[in-house]
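Colleague: I'm still learning to read folds, and I'd love a close look at a single part of this one. Could you pick one strand and walk me through its surroundings?

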Amino acid sequence: RKAVIIHSTLRSVSMFTAKKKIVKEGDAPVDAFEEQVAQAIFDLQVQTDMKADLQDLFITSAKEVEVSAGRKAVIIHVPFRLLKSFHAIQQKLLRELEKKFSGKHVCIIAQRRILPREGRKNRTQKQNRPFSRTLTSVHESTLEDLVHPTEIVGKRTRVRVDGSKILKVFLDPKDKTNVEHKLDTFSTVYKKLTGRDAVFEFPVHAAE
């Protein structure tokens, strides 16, 4: 009985500590999947050589999205001020998290707030809206976060017959082997986060 009680206590302590790895805006409730992601990050902190890298890091939200039939991806939002620290370990962190989530692709995106364009209802604002808080800037930054550390080498907007637009994003061909299998995930996640259609490709000359 003592062994069972001790094991249960240690598990409770672990879950309580893991909750420190997620801090939501406005003390919003943490759902079961977010707890699972926070626990996975905490486990990596205590069970691998990433302790020093992860001990001061936390996330703000996490959710699953369906990429295609039977395939899902994980979107993790992190505080903007911690983005560089996450980027420093991103490749290793994503590799380890994708193992824990049965091969699901994991994407890390900074939490950014879009400020509305000035209008009749908000003309009393004394400060001009920073460009970094505009819809265009936030969407561009989201795009860069999504494919990091791969570099975007070109973008082109195409207009379909029905008038709708689709963004073509060209990625650095040197990373083709590493990210080619994630192109559908990038498109799905970008659509989920911005409401905009995008396809991710490599320049034609990359095959030469």
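Modeller: Let's take strand 2, residues 71–79, where 7 of the 9 residues are buried, so that the strand is mostly covered. Keep in mind that this is a predicted model.

Start with the partner that comes before it in the chain. Strand 1 (residues 61–68) runs antiparallel to strand 2, and 7 bridges join the two. You can find one such pairing at lysine 63, which stands opposite isoleucine 75 of strand 2. The two strands make a hairpin with 2 residues between them, and in that turn glycine 70 has a positive phi of about 85°.

Now look at the other partner. Strand 3 (residues 105–111) pairs with strand 2 in the parallel sense, again over 7 bridges. Valine 74 has valine 106 in strand 3 as its bridge partner. To get from strand 2 to strand 3, the chain passes through helix 4 (residues 83–100), and this β-α-β crossover is right-handed.

Put together, the 3 strands form an open sheet in the order 1-2-3, with mixed pairing. Strand 1 and strand 3 stand at the edges with a single partner strand each, so one side of each has no neighbour in the sheet. On average, neighbouring strands here are turned by 30° against each other, ignoring direction.

One more neighbour is worth finding on your screen. Helix 2 (residues 32–47) packs on the sheet and touches both strand 1 and strand 2. The direction of helix 2 makes about 105° with that of strand 1.

Definitions and conventions. Residues are numbered from 1 along each chain as its sequence is written. This is a predicted model: local features need pLDDT of at least 70, side-chain atom pairs count only at pLDDT 80 or more; totals for chains, interfaces and linings use all residues. Side-chain values use heavy atoms; hydrogens and water are left out. Buried means under 20% relative accessible area, exposed over 50%, partly exposed in between (1.4 Å probe, protein chains only). Helices (H or I, at least four residues) and strands (E, at least two) are DSSP runs, numbered from the N terminus. Two strands pair if DSSP finds at least two bridges between them. A crossover is right-handed if, with the strands pointing away from the viewer, the path from the first strand over the helix to the second runs clockwise. Axes are lines fitted to C-alpha atoms, for helices over the stretch in contact, and angles run from 0 to 180 degrees between N-to-C directions. Contact means heavy atoms within 4.5 Å.
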